[in-house]
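Good morning, colleagues. I would like to take you through one structure, with attention to its charged side chains. Please look at the sequence and the model first.

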Amino acid sequence: MTQLNKIKKLKKIRIHNEGNHILIISAVLLILINSALFFGLTCKIPFYIICAISIALFLSIVNFFRCPIRLFNGTTERTVVAPADGKIVVIEEVEEHEYFHDKRLMISIFMGITNVHANWYPVEGTIMHVGHQNGRFRKAWLPKASTENERSTIVIETPEGHTVMARQIAGAVARRIVTYAEKGEECYIDEHMGFIKFGSRVDVYLPVGSEVCVKMGQKTVGNQTVIAKLN
């Protein structure tokens, strides 16, 4: 995919297509409720209150499914970009037991309810593995969420031979993980990896010795913030 084609494709994105179904249903329900109140009440004050609440609720849902146009302008070689908007909550070496079965550097990004919830590929390369594990719905910022919550796992081999894993994790509220990655496909920075509905977390597992470019508590912008450099 050329850079021009990427731009043309991204220019069409304003509201993420994962939100279309929810937005249509929400709009229809809110219109029906407000219409019933408008025609069924003689005193219009309750209608005005409910109408204002309905508008605010619908706009908050629209805001949640927003999908800003973003293109990464830096070099992609050995670069790891943030796969999500949010805040860095973990930077540590851990034993990864589900795929690598060895020690990895884990960088975790917690996505709040007000963040953009589209997920981007953190690196470019070939998708080697895609998996999904059912699990609990603990609060996403808890350490055990990485291994006990419902999650999807994407493993990517970069052109330089590094293996990077991104893990989408469901939270206490977020119970719908969407993953677009398919094994054997080429993936690129600027492309969407998936979507997590209503707040959660994304973990990135890197080879030990990778250069960390962020710090604890730092806010990240998906597909823009460089979180690490691969050796």
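**Buried charges and a salt-bridge network**

Glu96 and Arg167 are both buried. I should state at once that this is a predicted model. The side chains of these residues, Glu96 and Arg167, form a salt bridge at 3.0 Å, N to O. Because Glu96 belongs to strand 2 and Arg167 to strand 7, residues 163-169, this pair ties together parts that lie 71 residues apart in sequence.

A further salt bridge joins Arg151 and Glu98, at 2.4 Å from N to O. Arg151 sits in strand 6, residues 151-157, and Glu98 in the loop between strand 2 and strand 3, 53 residues apart. How accessible is each partner? Arg151 is buried, with a relative accessible area of 6%, while Glu98 is partly exposed, at 33%. Through shared partners, salt bridges join Glu96, Glu98, Arg151 and Arg167 into one network.

In the whole structure, the search finds six salt bridges. One of them links Arg70 and Asp85, at 2.7 Å from N to O. Arg70 is in the loop between helix 3 and strand 1, and Asp85 in the loop between strand 1 and strand 2, 15 residues apart. Both Arg70 and Asp85 are buried.

Let me turn to the sheet. Three strands form an open sheet in the order 1-14-12, with antiparallel pairing. Strands 1 and 12 stand at the edges with a single partner strand each, so one side of each has no neighbour in the sheet. Strand 12 pairs with strand 14 over two bridges, and Val212 has Ala228 as its bridge partner in strand 14.

Finally, the cysteines. The structure holds zero disulfides. Cys187 is buried at 0% relative accessible area, whereas Cys51 is partly exposed at 23%.

How values were computed
Residues are numbered from 1 along each chain as its sequence is written. This is a predicted model: local features need pLDDT of at least 70, side-chain atom pairs count only at pLDDT 80 or more; totals for chains, interfaces and linings use all residues. Side-chain values use heavy atoms; hydrogens and water are left out. Two strands pair if DSSP finds at least two bridges between them. Helices (H or I, at least four residues) and strands (E, at least two) are DSSP runs, numbered from the N terminus. A disulfide is a pair of cysteine sulfur atoms within 2.5 Å. Buried means under 20% relative accessible area, exposed over 50%, partly exposed in between (1.4 Å probe, protein chains only). A salt bridge is a side-chain nitrogen of Lys or Arg within 4 Å of a carboxyl oxygen of Asp or Glu.
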